[in-house]
Amino acid sequence: MLSSPLLSGSAQSGLILTLSADANNVNVKSALEAIYGAGSCDGKVTVVVTVLPGVTIGSGAPTFVSLNFAGFDYGASLKLINYGNIYGAGGEGNSGAGGRALQIDRNITINNTTTGRIFGGGGGG
């Protein structure tokens, strides 16, 4: 994962997270707070997450979300730009439910580009 500096020129703080390598179970808020510090995601922040081409964000188990946007305050501005792959985990055998690709509990803008793929995990057979 790479990040770039805080955006400037705005009264609101802006946080950028660029996912440049394959990863599982990415919690956006936790990743940003690890980079920018505790409390950096509080309030009316602007968050932009970009998944680069060829990068796969997945999950090792269907009980875990692949890319989790949960936990931001109301008023936060969330945006996902996806050039890569975001896949929920496949279900366990004997009819297990597949996993979720995304967890979102606030309004978000998603730009799923022509190369971007977002798939929930299929159920186990």
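Is Y87 buried, partly exposed or exposed, and at what relative accessibility? Y87 counts as partly exposed because its relative accessibility is 27%, which lies between the 20% below which a residue is buried and the 50% above which a residue is exposed. This value, like the others in this report, comes from a predicted model.

## Overall architecture

The secondary structure of the chain consists of one helix and twelve strands, and along the sequence these elements follow the pattern β-β-β-β-α-β-β-β-β-β-β-β-β. The chain has 125 residues, of which 42% are buried.

Among the contacts in the chain with a separation of 6 or more, 72% are made by residues 24 or more positions apart. Several of the pairings described below can be read with that figure in mind.

## The nonpolar core and L67

The largest nonpolar core contains 24 residues, and V28, I57, L67 and F72 are those with the most contacts inside it. At least two residues of this core come from each of β2 (14–19), α1 (28–36), β5 (46–51) and β8 (77–82). In soluble globular proteins, nonpolar side chains tend to be buried together.

L67, located in strand β7, counts as buried because its relative accessibility is 0%. Once residues up to four places away in sequence are set aside, L67 touches L19, V26, V28, I57, L80, I86, A101, L102 and Q103, and two of these, V28 and I57, are also named with L67 among the core residues with the most contacts. Although L67 and V28 are 39 residues apart along the chain, their C-alpha atoms are separated by 7.1 Å.

## The sheet of β4, β7 and β10

Three strands form an open sheet in the order β4-β7-β10, with parallel pairing. The edge strands of this sheet are β4 and β10 (102–103), each of which pairs on one side only. Strand β7 (residues 67–68) is joined to β10 by two bridges, and these two strands run parallel.

N68, also found in strand β7, stands opposite Q103 in β10. N68 counts as buried because its relative accessibility is 17%, a value that falls under the 20% cut-off for buried residues. The side chain of N68 reaches the backbone nitrogen of A70 at 2.8 Å, and, leaving aside neighbours within four places in sequence, N68 is in contact with V26, N27, V28, K29 and Q103. V26, V28 and Q103 are likewise among the residues that L67 touches.

## Pairing of β5, β8 and β11

Strands β5 and β8 run parallel and are joined by six bridges, with S77 in β8 serving as the bridge partner of T46. Strand β8 also pairs with strand β11 (residues 108–112) in the parallel sense, over five bridges, and in this pairing L78 stands opposite I108 in β11. Strands β5 and β8 each supply at least two residues of the largest nonpolar core as well.

## Aromatic rings

The structure holds one aromatic pair, which is formed by Y87 and F119 and is stacked, with 5.6 Å centre to centre and 5 degrees between the planes. The pair links distant parts of the chain, since Y87 is in strand β9 (residues 85–87) and F119 is in strand β12 (residues 117–119), 32 residues apart. F119 is partly exposed, with a relative accessible area of 45%, and Y87 is likewise partly exposed, at 27%.

A further aromatic ring, that of Y74, has R106 lying over its face, at 3.7 Å from the ring centre.

## A positive phi at N25

N25 has a phi near 55 degrees, a positive value in a residue other than glycine. Most residues other than glycine have a negative phi, and most peptide bonds are trans. N25 is placed in the loop between β3 (23–24) and β4 (26–27), and N25 counts as partly exposed because its relative accessibility is 33%.

Note on methods: Residues are numbered from 1 along each chain as its sequence is written. This is a predicted model: local features need pLDDT of at least 70, side-chain atom pairs count only at pLDDT 80 or more; totals for chains, interfaces and linings use all residues. Side-chain values use heavy atoms; hydrogens and water are left out. A nonpolar core is a set of buried Ala, Val, Leu, Ile, Met, Phe, Trp, Tyr and Cys residues joined through side-chain atoms within 4.5 Å. Buried means under 20% relative accessible area, exposed over 50%, partly exposed in between (1.4 Å probe, protein chains only). Helices (H or I, at least four residues) and strands (E, at least two) are DSSP runs, numbered from the N terminus. Contact means heavy atoms within 4.5 Å. Rings of Phe, Tyr and Trp (its six-membered ring) pair if their centres lie within 6.5 Å; planes under 30 degrees apart count as stacked, over 60 as edge-to-face and the rest as tilted. A charge sits over a ring if NZ of Lys or CZ of Arg is within 6 Å of the ring centre and within 35 degrees of the ring normal. Two strands pair if DSSP finds at least two bridges between them. A polar contact is a pair of N or O atoms within 3.5 Å; within protein, one must be able to donate a hydrogen and the other to accept it, and residues adjacent in sequence count only if both atoms are side-chain atoms.
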